[in-house]
Amino acid sequence: MDTSDKMDTENENTQDKTVLVQIKSENGDVVGDFLDLPRTITSKQLQLICNALLQKEEQTSYAFFVNEREITSTLDNVLDIEKLNTEQVIDIIYQEQAVFKVRPVTRCTSSLPGHSEPVLSTQFSPDSLKLASGSGDCTLRLWDIQTQTPLHTCSGHIRSVLCIAWSPDSKYVVSGCENGTIMSWNPTTGKRIAPVMTGHKKWITALAWEPYHLNPTCRRFASSGKDGNIRIWDVVLGHCLRVLSSHTQSITCIKWGGSGLIYSSSQDRSIKVWRAEDGVLCRTLQDHGHWVNTLALNTDYAMRTAVIDFLGKGTCKFFTLFDRNNPFSSSFFYFFVETDPMKIATTKYNEVIERTGCELLVSGSDDWSLRLWTPEKEKKSIATMTGHQKLINCVQFSPDARLIASASFDKSIKLWDGKTGQFLATLRGHVQSVYMIAWSCDSRLLVSGSADSTLKVWDMKEKKLMFDLPGHADEVYAVDWSPDGQKVVSGGKDKLLRLWQH
């Protein structure tokens, strides 16, 4: 028998064999009865079966896993054939995917000059209509995304603008500088809202807004400084409402969680959990052996886009209380729907919590490791994630909270399971340190910016490089993917902002 005959015989044998399977949700809920399925069944065929069992009116997209291995082609490819027996029941876990699909960015559509020093921070507004950038030239600049033109240059800082943050309703943007001052701006007029906010004795390291579902007025935000203090501010009055002091060295990152807790990481090797309402220090997390550089919550995306809901193919509804008299003023991507924004924000947050059980926090450190925490409940981390060979500079949960991506000075990006912290893959391609990463809103793509002057787009299903995006003349410091999935912005040492689209 020649080789081709043997292969035909093996294929026939595989097609004749079936396995007993049980389809379950990622939370362990059983769907339907046991099924006797051929080992050659494909992921597309499993989609049809799953939709039928769940009695979905529309065809929902799912990913399927066996023993944490995704079924990308056929069931047979993920089975351990040698250990398989006829009485064994195979659990197939399904995960619901985003109903829309974001196109990967492939080209630079605009180069936005204006800054006279390196761009240090950049961020899209939650409604994806505007862009803010902070620079070493002491200015905050605001840009119109639809026309890709400058709107306002916000002057007043006397040192480099190190960080910026948009309010969840896109009504305010705040900026913090190297001089320790904070300014609040109206993005429509470019005018300062309140007096200069002073109090920090050293430069501002991070800014974080109170989540919309906790306070829809969107007036409170927190700042952290090199002085080791956190301050909570009223953006309209410009008043400091509370000072949180306990860290002994510079704070590197802060997050305002959806349960009313503020999380802060520091060079004193600790993470502290504060109750925002009264400033009480709830607990200190101390598993890291060196500086803690970066934090991310599994609810970050849900809170960032609290009043935005996406519908198939990237179209979205924009819920706002401020455009009632002019519902068509935004752009053709958005339209006003008469509904309760507070309910939308609460539902989005609760959906993540229901899927994961609680709000999870991940931290990255100079000790080359990441830690996964349940900070509302425990002082000890639930997972230690090792493998990077240099410090970890940036960490982000995917919008669906199922994956964690970490960027390191070791030139690599690593992917981890968002619930367990289990290592999944290493993405290699950059030839110098990776500074920042950003997810597409459907969690299928990741973009990274590096000291090698390039951006790279990564395919999360195949866990590989999709597109290399050269164009910057020097190191790329800041990257963000617009919440509507349409554009990526990057800025860096060459003093330019670049917009990328498909």
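## Salt bridges in a predicted model

In this predicted model, the side chains of Arg219 and Asp234 meet in a salt bridge, with 2.9 Å from N to O. The pair links distant parts of the chain, since Arg219 lies in the loop between strand 14 (204-209) and strand 15 (220-225), while Asp234 belongs to strand 16 (residues 229-234), 15 residues apart. Arg219 is partly exposed, with a relative accessible area of 29%, whereas Asp234 counts as buried because its relative accessible area of 10% falls under the 20% cut-off.

Side chains of opposite charge can pair when their charged atoms come close. A search of the whole structure finds 14 salt bridges, and among them is one that Asp287 forms with Arg371, where the closest N and O atoms are 4.0 Å apart. This pair also links distant parts of the chain, with Asp287 in the loop between strand 21 (281-285) and strand 22 (292-297) and Arg371 in strand 26 (residues 370-373), 84 residues apart. Asp287 is buried at 18% relative accessibility, and Arg371 is likewise buried, at 15%.

A further salt bridge joins the side chains of Arg402 and Asp400, at 3.5 Å from N to O. Arg402 is buried, with a relative accessible area of 11%, and Asp400 counts as buried at 16%. Elsewhere, Glu210, Arg220 and Glu277 are joined into one network by salt bridges that share partners.

The distances of the three pairs are set out below.

| Salt bridge | N to O distance |
|---|---|
| Arg219 and Asp234 | 2.9 Å |
| Asp287 and Arg371 | 4.0 Å |
| Arg402 and Asp400 | 3.5 Å |

Terms used: Residues numbered from 1 in each chain as written. Predicted model: local features only at pLDDT ≥ 70, side-chain atom pairs only at ≥ 80, totals over all residues. Heavy atoms only, no water. Helix = DSSP H or I, 4+ residues; strand = E, 2+ residues; numbered from the N terminus. Buried < 20%, exposed > 50% of the residue type's maximum accessible area, 1.4 Å probe, protein only.
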